[in-house]
Amino acid sequence: MADFIKNQWYVAAYSAEVGREILGRTVLGEALALYRTGSGQAVALADRCVHRHFPLSRSQLAGDTIVCGYHGFTYGPDGRCVTVPGQQRIPRTARVATYPVAERDSLVWVWIGDPGCADESRIPRAPWLADERYVTVRGMEPLAARYGLLVDNLLDLSHETYLHDGSIGTPEVADTPISTEVDEEQGVVHVSRRMSDAACPPFYARSTGISGRITRWQDIEYRPPCLYLLHSRVAPARVLPRPDGSDPDGFHVEVVYAITPSTEHSTYDFWAVARDFALDDEGVSQFLHDSNRMVVLQDVAALNVLEQVISAQPPGTQELSINIDTGGLAARRMLRRMADQAAAGAEPVPEPASVP
Amino acid sequence: MTGVGAARRDDLPQRARGPTLRIDWRPGTDLLRGTCHCGAVGEAEDPVLMWEWLLAHPRHTSGLAP
């Protein structure tokens, strides 16, 4: 049984993915059927007909109801069965589970745990994804690996130098010391890497037009378990924000990942890149989409291999951690604490203590 | 081409920051410097030991402390 942290919000889909076709996704091992009612409300039902367990995601909508594609059991958005084939009596147990759903920032969040604890105010935010001052490209790649491997990957960006050389990696990334900060009350891990005089990788050279060396800031804000934000600032070398806090000479890219465990050994890797420059340049959008997708697929290939290696090892096989892992260790400890609290039946409110 | 400097984290609902634990990798060295929310400061060359020292609050008693 996977050590899932259930009483938390997870991204199940982009808003644009949930419509009048039923979408099947598995979150924390729970198969979901997602769709949108005629009034625009996104809903999530258990993706199994109570009758013979046919996937409702392989069925059809009739108005706001799902008609099972096997024998016609029909369910409303509240999960209640409203029609069964050939008879008048609807068995009392004929209903499927529903899951709390909330949409924020173009993301569809779902709550798999105790519905009574589903507090929408606790959904972490990524406002750039739905802000007209930004242009966003996005995608989702399935990962055949446990979600913790993606957390490790994203909390330690020194791997860019080696795994993503030629796109976002330069020598300075691995060579620059990091600062790590854990906010105990809010449950956030911050990892900051500030490069003052770095080579400009193609990802930024082609999108910003900067030809020389750059000042490059990578400020990670991880809100476990699901949301990862990379606040990236790029500017010509030694060009800093102005004393008043404005930053007209900087290029800002908000890289957002939603790390959603699907099963014990698979993960949805939602990724988005929002920028505040070249807003009307479709060529830049296409370039950033293709480049970031390539980067994500490089991560996916590496982590899929790593999953196979780790799965074949005895549990507890020793690792080695060095300075670059300081942020990743903090994230691991926070996730472990949340999992322990969940296993102990602790309520998720107030915010989980987040000491690493 | 220049960035337009759009607002960034200012867009978010402002949440009060709580007590923090901090580890800075001192530039030019392999040393990590840990700062507890109580103000205690310690140094180590191993992030696992550094976190353990911080998490020992309020008993920062290991040999890591300066």
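# Strands, helices and domains in a predicted model

Q: What is the bridge partner of A:Glu181 in E1(B)?
A: The partner of A:Glu181 in that strand of chain B is B:Arg22. This is a predicted model, in which local features need pLDDT of at least 70 and side-chain atom pairs count only at pLDDT 80 or more, whereas totals for chains, interfaces and linings use all residues. Residues are numbered from 1 along each chain as its sequence is written, while chains are lettered from A and ligands numbered from 1 in the order in which they are written.

Q: Why are E13(A) and strand E1 of chain B said to pair?
A: Two strands pair if DSSP finds at least two bridges between them, and a strand is itself a DSSP run of type E with at least two residues, numbered from the N terminus, just as a helix is a run of H or I with at least four. E13(A) and strand E1 (residues 20–25) of chain B are joined by five bridges in the antiparallel sense, so they pair under this rule.

Q: What else does E13 of chain A pair with, and what lies between the two strands?
A: Strand E13 (residues 179–183) of chain A also runs antiparallel to strand E14 (residues 188–198) of chain A, with five bridges joining them, and A:Val182 has A:Val189 as its bridge partner in E14(A). The two strands form a hairpin with four residues between them, and A:Gly187 in the turn has a positive phi of about 70°.

Q: Which strands of the open sheet in chain A stand at the edges, and why?
A: The open sheet has four strands in the order E2-E3-E4-E9, paired in the antiparallel sense. Strand E2 (23–27) and strand E9 (98–99) each have a single partner strand, so one side of each is left without a neighbour in the sheet. Within the sheet, strand E3 (residues 30–36) and strand E4 (residues 42–46) of chain A share five bridges, and A:Arg36 stands opposite A:Ala42 in E4(A).

Q: Why is H1(A) called oblique to H5(A)?
A: The axes, which are lines fitted to C-alpha atoms over the stretch in contact, give angles from 0 to 180 degrees between N-to-C directions. For helix H1 (residues 147–155) and helix H5 (residues 282–312) of chain A, the axes come within 10 Å and cross at roughly 130°. Angles under 35 degrees count as roughly parallel, over 145 as roughly antiparallel, 65 to 115 as roughly perpendicular and the rest as oblique, so H1(A) is oblique to H5(A).

Q: Which residues make the contact of H1(A) with H5(A)?
A: A:Leu149, A:Leu150 and A:Asn153 of H1(A) meet A:Asp299, A:Leu303, A:Leu306 and A:Glu307 of H5(A), where contact requires C-beta atoms, placed from the backbone, to lie within 7 Å.

Q: What makes A:Asp105 and the bond from A:Pro224 to A:Pro225 worth a look?
A: Most residues other than glycine have a negative phi, and most peptide bonds are trans. A:Asp105 has a positive phi of about 55° although it is not a glycine, and A:Asp105 lies in the loop between strand E10 (101–104) and strand E11 (107–111) of chain A. The bond from A:Pro224 to A:Pro225 is cis, with omega near 5°, and A:Pro225 is found in the loop between strand E15 (214–223) and strand E16 (227–236) of chain A.

Q: Where in chain B is a cis peptide bond found?
A: Such a bond joins B:His57 and B:Pro58, with omega about 5°, and B:Pro58 lies in the segment after helix H1 (47–55) of chain B.

Technical notes
Two residues are in contact if their C-beta atoms, placed from the backbone, lie within 7 Å.
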